[in-house]
Amino acid sequence: MSEERQQRRIRVLIAKPGLDGHDVGAKLVSRALMDAGMEVIYTGLRQAPEAIARAAMEEAVDVVGLSVLSGAHLPLCRKVKQALEDRRLFGEVLWIVGGNVPRGDHAELRALGVDGVFPTGTPFEEIARFIQDKVPA
Amino acid sequence: MPPLFWESGLEVKPVYTATDLEASGGTGRIGLPGEYPFTRGIHPQMYRRRPFTMRQYSGFGTAAETHERFLYLIKHGQTGLNVAFDLPTQCGLDSDDPMAEAEVGRVGMAVDSLADMEEAFADIDLNEITVSLTINGAAVPIMAMYFAMARKRGFELASLRGTAQNDILKEFIGRGTWIFPVEPSIKLIGDTMEYCAKNVPKYSPVSVCGYHVRESGANPAQEMAYGLAIACAYLDHALARGLDANRVARGITFNFDIHGNLWEQVAKFRAGRRLWARLLRERYGVDDPRAMQLRMIAGGGGGGLTIQQPENNIVRGAYYALASALSGTQTMALCSYDEAYTIPSEHAARLSLRTMQILIHEVGLCDTVDPLAGSYFVESTTNEMERRIEALMAELDAQGGIVKGVAEGRVQAAVNRQAYELERKLHSGEIKKVGVNVYEEEEEEREVELHPYRETEARRQVERLNRVRRERDGAAADRLLERVRQAARAGENVMPSVIDAVEAYATVGEVCAVLREVYGTYQEPVRF
């Protein structure tokens, strides 16, 4: 870890878009990233895409992480992409997605602009390392 | 030899003897099956008289598609139905709500109006096949629709059986389909309890779900302790409204989770059954033995299943079913082996059903009641588990009770911390999981038959909703919704007015919008 990074903590927004109420994973990842030295803002359930983009802006985060277990990840990510674009955050923040995401959908998510997909079962260290590698110190 | 602990914290010895059993509290409170304190089960002859009900959780797409799956399951020998609703329905939103987009019919059946309820259960004999509605935040309009549908079909409410999940406290702790703030949510559950006690006496308006608390990270002892504490909270509320404890307690059933150590599950259920009976008798003065019986669905939980090597989940499911039968459950359901990926395919759902049928017909699980009774080990750990659950409940009470703990977010935070701890232990290998942290394999990209989500069905549901709105007597629906508003404002029981409104084809979203106006919306306390 570089010295600069120790001075400036990476800021992460973890959000639950849509209506899915399964938040164990989102909260576990939030805690794991905190333990990895990041600042984490967790939005709580049922966030509209616009609300997620707004929170990302207001909190000036480096990373936006979405957790979806309902299977609605593709349509929800399309809407979140639009909302991030509207706030000129798309491409500026690191965008990651986790949850019940079948492998067959990973390519489509990447094509949408998702930087990393971490399906259920991914070790937390892998997510933390991915963020630390990608977010400029 | 290093000491061995169960997830619940109980230390397990390598050998149990009569001395251990005596030291744990002895055999004095085992009793007989069907008799207080029901350690050995709630019926004298249990599965010899009638095997457990098989009730797989199912529902997706529109009512028409779900109806087809129901018929399929019944044809293959399923003896009850357990209805899955989609997320908009569970959150009290109509299918055309902007928040419902992309979610209609995805994880369960979409229900907007009575028309959907009618179609889902068409031609199914509701006396023969009992129906369990997995609905919580939106339980009031959905139960109202179920009763309206049954009545319209000619079934007497006075003899109608069935169950609604209707446990909002665990939704705040784990599953997240809340709508209203904590206090009015409990008031609404009280409305359903009161309505059923007076009008649908054989119906269980509440099925308390330790299941989802466990799935959120609680250990088995906590699962039972939180479950019983939640049941007490609803009972306290009902009694404060002047309802009769004997009557109301008969309407409370339970839904518990099975995964992990088999013996720990058995001890949890036998201890929980005994403790619940004692609580009702000693704390609530209940004297009707039927009201003291802990009736439950106990099924194989998704939390035990893995994405890795999914066929292993078939084996796990069979062991969970075994644990459930050895624990004296009334109803069983198993998460299917593909459930870590998708909602179950027809093939996977049938395999779960066959697993339970093999237990009934081939393995001898129904031969005799509570076959583990009298074992030094099982009775010792049952005694110890009972003490542990009771201590956890006392701790909750000392902190101001479960309702306050949930409203302040403390219970959620405690469960989350535990989930994190469990995850850490899985990661370090302290807890073993086959295919995950031992015997891992490089797995090929596998073709999993995923249940398809059909946009066309979602569009059809919205069209159907529009047609219902067009064809109903709009003025009557408005007038009846206004009556719901007045009842809610006046603090009256809203069930009668909601039943009238849904009979006039007022929708789930419309009823919930009125209730939201009066009660407000829950604000999630986010704590770590």
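**Note on the predicted model: helix 20 of chain B, the A–B contact, and chain A**

1. Helix 20 of chain B, residues 495–503, has these buried residues: B:Met495, B:Ser497, B:Val498, B:Ile499, B:Ala501 and B:Val502. The structure is a predicted model, and this applies to every point below.

2. The partners of those buried residues also belong to chain B: the buried residues of helix 20 pack against helix 5 (114–120), helix 6 (139–152), helix 8 (182–199), helix 19 (474–489) and helix 21 (508–519). After helix 20 of chain B comes B:Tyr505, with a positive phi near 65 degrees.

3. Between the chains, 25 residues of chain A are in contact with 28 residues of chain B. On the side of chain B that touches chain A, helix 4 (87–90) and helix 17 (410–428) of chain B each contribute at least two residues. Helix 17 of chain B gives the largest share of that side, five residues. By residue class, the side of chain B that touches chain A has 15 nonpolar, seven polar and six charged residues.

4. Chain A contains six helices and five strands. Read from the N terminus, its elements follow the order α-β-α-β-α-β-α-β-α-β-α.

5. The radius of gyration of chain A is 14 Å, which agrees with the value near 14 Å for a compact globule of 137 residues. Along the principal axes, the C-alpha atoms of chain A fill a box of roughly 40 × 30 × 25 Å.

6. In chain A, 50% of the 137 residues count as buried. Of the contacts in chain A with a separation of 6 or more, 73% are between residues 24 or more positions apart.

Key:
Residues are numbered from 1 along each chain as its sequence is written. Chains are lettered from A and ligands numbered from 1 in the order in which they are written. This is a predicted model: local features need pLDDT of at least 70, side-chain atom pairs count only at pLDDT 80 or more; totals for chains, interfaces and linings use all residues. Two residues are in contact if their C-beta atoms, placed from the backbone, lie within 7 Å. Helices (H or I, at least four residues) and strands (E, at least two) are DSSP runs, numbered from the N terminus. Ala, Val, Leu, Ile, Met, Phe, Trp, Tyr, Cys and Pro count as nonpolar, Asp, Glu, Lys and Arg as charged, and the others, Gly among them, as polar. A residue is buried if 20 or more other C-beta atoms lie within 10 Å of its own, exposed if 12 or fewer, and partly exposed in between; C-beta atoms are placed from the backbone. The radius of gyration is taken over C-alpha atoms; the globule rule is 2.2 Å times the number of residues to the power 0.38.
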